[in-house]
Structures are given as C-alpha cells and as structure tokens.
Amino acid sequence: MARRNTSEEDEELEERIDVHDIVRIGRYLKPYMRLIAAILVVVVLMGCAAVALPTITRLVIDDAIANRDLKQLGLLCGAMAAIIVVYELGLRYRTVAITRVGQLMLRDMRRDLFTHIETLNFDYFDSRPHGKILIRVVNYVNTLSDTLSSGLVTVISDVFTFLVTLVAMFAIDWRLTLWSLVLVPVLAVWVRVLQIFQKRAYRVLSNKQSNLNAYVHESIAGVRTTQAFAREDERFARFREQQGQVRDSWMRAAHIQTLMWPGIQTVWYSTIALIYFVGLAHVGGMDVTTGVLVAFVGYANNFWAPVVDLGNFYNQLVTCSAYLERIFETMDVRPSVEDRPDARELPAVRGEVDLDDVVFRYEKDGPTILDHVGLHAEPGMTVAFVGPTGAGKTTIVRLPSRLFGVGSGPVRMRGAGARALPLGPPRPAAGRHPPA
C-alpha cells in the first residue's frame, strides 16, 4: 500500500530533469509527427524571414537611399512587405497547429491516466486525498500540454533562428558580432540564478495548490458531516489558512519572476548601446556603415530573444519534470488485485457465498481486520453483521467483489474461488483507445 498522504502534507517533487520521463512523453507526440513536420517547415521559413528583414533594411539604407535609387527602394520595400505578410501568416498557422497538437496530446494523456486510475484498487485511493489524484488528471496534464507541445516546437524555432542569425552576423562583420556577444555571460548568469529561485518557488506553489485542491474536495465530500456537527467555522478557518498559503507562495513566485525581464532588458539594451558605440567610435579600426549598424540592432533582437526563450523553456522543463514524475508515477502503479492467467467467467449468480478461514489486512504490516473468519450464505438467505466500528463488517462484503485482495483463506461464490474470477471486462491498453 502506498504511503499515506494528507491534504496538509506537501508531496515531494524531484529537483532534477528525469530524461526517462521526457523520452516517455515522446509516445504522445509520435501519432502527430506529420503535423509537427509541417509546423517545422513553417518554422524554418519564419526563421529565414526573420533573418532576411535586417539584411533588406541594410540594403535600403546603404544602397537604395544612399544612391537615391527609387526603383531599388521600391523593390526592397515590396520584398520587405511580402516577407512580413509571409511571416505573419506562418505565425498564425504555427500558433493554431501547435495548439491543436497540444490539445490532442492532452486528450490522449488524460484518457490514459483516467482509464488507468479506473483499474486501481481501493488501497490506492485510501492512501491519499482524492483531490491530489484529481489535480494530476486536470492541472498537471494542462501544464504539460503547453510545455511539451508549443514549448518544444518554439525551442526548435528559436535554435534555428539563433544559428541562422549568428551566421548572418558573422558574414556581415565578425568583429562587431564578437562585440555583440560580450554581455552573453552576464545574461546567462542572471537567468540561471533566477531560475534556481523560480524553480523552488513554483515547486512550493504546486504543493500548496495540490493541498488546497485536496482539502476542498474533502470538504465538499464531507459537507453533510460538517453541517451535522456544526463545524463550518472550523473548516472555514482551515480553508482560509490553506488559501493563504497558496496566495503567499504565488506572490513569492511572482516577485521572483518579475525580476527576470528587467535584468534581461537591461542586458539587451546595453548590447544595442554597445553596438552603436563600437560602430560609431570605430573601435579597433572598424568602419561600419549606418545600414550595418541598423541591421545589427535587428539581428541583436533576433539573437537575444531565442536565448531568453531557451532559458525560460529550461525552467519550464524543470517544473514540468515534477509534474511528469507524478503523472507517470500514477500510471506505473500496478493494481494490488489482478486477474490470474486462468481466470474464468463467473457462472450465473445465485447468491451462494463462502468464506473459509479468511485472514485479511488492509496494509501488509497493519492490524488484522479479519482473523480466520468463516461464513456460508445460501441463496435467498439474509445475513446480518453486528459489531463495533472497525470490526470488519464492510470488509466482509467487499471481499467477494474483489475490491481488495485476500490475505489467506478462500472466498467462493457458487463454489468458484474469487481469485480465479476476472475483475471485469477487459480494458484497452494505454494508447490503444478509440479517439475521445
């Protein structure tokens, strides 16, 4: 039986990226590889367009305007307009297609998780608040969909744009390119330090949200008891406390996150200022035209944006890994009661039940609930169980239904051993369900 967890206890989450879990998620991307390939083609075209625009800007300033060539200026402006239209159309297609892939992955993963949970036995549900199971099926899967669909494709787009931009910058002026990279280590250190604090803050936030979700679920399920014993004030006080923990952890995460962009923009604009200074001051004997300076500013935008996005994706991946751990942990739980290889269908039920010297415990090292219990019930017979709470009355009723595994001693229905009977109709394996 799994270790018991309560709505007041934080779950332990991994602080590392589990590569095995990331590889496992590939199974949910595989059915949509054709659509992803089309998205990547569009991404490549958008990357080329993003790199082409600063180059055209340089030609407009250094050639067309400098030489007063209106024909060339018209052609370049027309090309620039066409590239912008193609880029925006590609951006719209990429956004819609990525959203579609994300929603399809979300559907498949949630379906597999839900159908697997249905196969688990009561001991799994007794070991943790149901709200913490619910948050895996809803919140965690939603988070994964955004990160592993749109995030993954965006990273591929950013890497391509980064490399193409770097090549174009070196092709135009390698010395100015090196000056443009001077502040990269500063940005890397800034992003990395903030990511460490962000990761911790969002891990705490995830735990507090899970606890609150579990508590609300318990409160709704037990509302009759709460009202019967007039415990509303006490329950509300606990709700307010947990809600306050969520609010406080959310604000701590938000304060850390808001430090990211001021630092990034400071380094970003410092780089642009450095490009202007180096170019205009002819540092190192460089003779840079106005068009080249303007183009390099455009390239700097194309260069820094992917760097920032890659850092953010890594941060999301760390948080995502914690959610993946919980989802796959649930999918990997094996039912404590499973069909035997020789399981056969139960004959027509007549109501005959036998328990012969049955011993049962809910937990392996827990107290004995049924200690050498025997029972014979004939069809049509009325049997009453009388005893204090916890004596095992409900347990006796559950054993013939195979809601729990029997420790020792046979349980028979119409002469057939319960262990030799199937739990129910066969269920499809994960990934083999009909479309939802």
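These legends accompany several close-up views of one predicted model.

**View 1. The whole chain sets the scene for the close-ups that follow.**
Welcome to the overview, where the chain holds 13 helices and four strands. Of its 436 residues, 39% count as buried. The accessible surface comes to about 24,000 Å², and carbon and sulfur atoms account for 61% of that area. If you are curious about long-range contacts, take the contacts between residues at least 6 apart in sequence: 81% of them join residues at least 24 apart. A search of the whole structure also turns up six salt bridges, and some of these appear in the views below.

**View 2. Asp-108 and Arg-111 pair up within helix α4.**
Here the two side chains form a salt bridge, with 3.5 Å from N to O. Both partners sit in α4, which covers residues 70-119, and because they are three residues apart, about one helical turn separates them. Is this pair buried or exposed? Asp-108 is buried, and Arg-111 is buried as well.

**View 3. Arg-238 and Glu-241 form a salt bridge along helix α10.**
The N to O distance in this pair is 2.8 Å. Both residues belong to α10 and lie three residues apart, which is about one turn of the helix. Their surroundings are worth a second look: Arg-238 is buried, at a relative accessible area of 14%, whereas Glu-241 counts as partly exposed at 43%. Elsewhere, salt bridges with shared partners link Arg-27, Arg-107, Asp-108, Arg-111 and Asp-112 into one network. Readers may recognise Asp-108 and Arg-111 from View 2, where their side chains meet in a salt bridge.

**View 4. Arg-231 and Glu-234 meet in a salt bridge.**
The distance from N to O is 2.3 Å here. How accessible is Arg-231? Arg-231 is partly exposed, with a relative accessible area of 40%. Its partner Glu-234 is also partly exposed, and the relative accessible area of Glu-234 is 47%.

**View 5. Ala-254 in helix α10 lies 8.8 Å from Ala-201.**
Staying with α10, which spans residues 232-257, this view turns to Ala-254. The 8.8 Å separation from Ala-201 runs from C-alpha to C-alpha, while along the sequence the two alanines are 53 residues apart. Ala-254 is partly exposed, with 23% relative accessible area; the cut-off for buried is under 20%, so Ala-254 does not count as buried.

**View 6. Helix α11 has a span close to the expected value.**
This helix contains 21 residues, 260-280, and reaches 31 Å from its first C-alpha to its last. For comparison, 30 Å is expected at 1.5 Å a residue. Which residues of α11 are buried? They are Met-260, Gly-263, Ile-264, Val-267, Trp-268, Thr-271, Ile-272, Ile-275, Val-278 and Gly-279. After the helix comes His-282, with a positive phi near 55°.

**View 7. Four residues make a nonpolar surface patch.**
The patch is formed by Met-381, Val-383, Phe-385 and Val-397, and its area is about 330 Å². Where does Met-381 sit in the chain? Met-381 is in the loop between β2 (368-377) and α13 (393-398). Why can Met-381 be part of such a patch? Patch residues need over 30% relative accessible area, and Met-381 qualifies on that count because it is partly exposed at 44%.

Definitions and conventions
Residues are numbered from 1 along each chain as its sequence is written. This is a predicted model: local features need pLDDT of at least 70, side-chain atom pairs count only at pLDDT 80 or more; totals for chains, interfaces and linings use all residues. Side-chain values use heavy atoms; hydrogens and water are left out. Patches are made of residues with over 30% relative accessible area and no salt bridge: like charges are joined within 9 Å, nonpolar side chains (Val, Leu, Ile, Met, Phe, Trp, Tyr) within 5 Å. Accessible areas come from the Shrake-Rupley method with a 1.4 Å probe; for residues, only the protein chains shown count as cover. Helices (H or I, at least four residues) and strands (E, at least two) are DSSP runs, numbered from the N terminus. Buried means under 20% relative accessible area, exposed over 50%, partly exposed in between (1.4 Å probe, protein chains only). The expected span of a helix is 1.5 Å times one less than its number of residues. Contact means heavy atoms within 4.5 Å.
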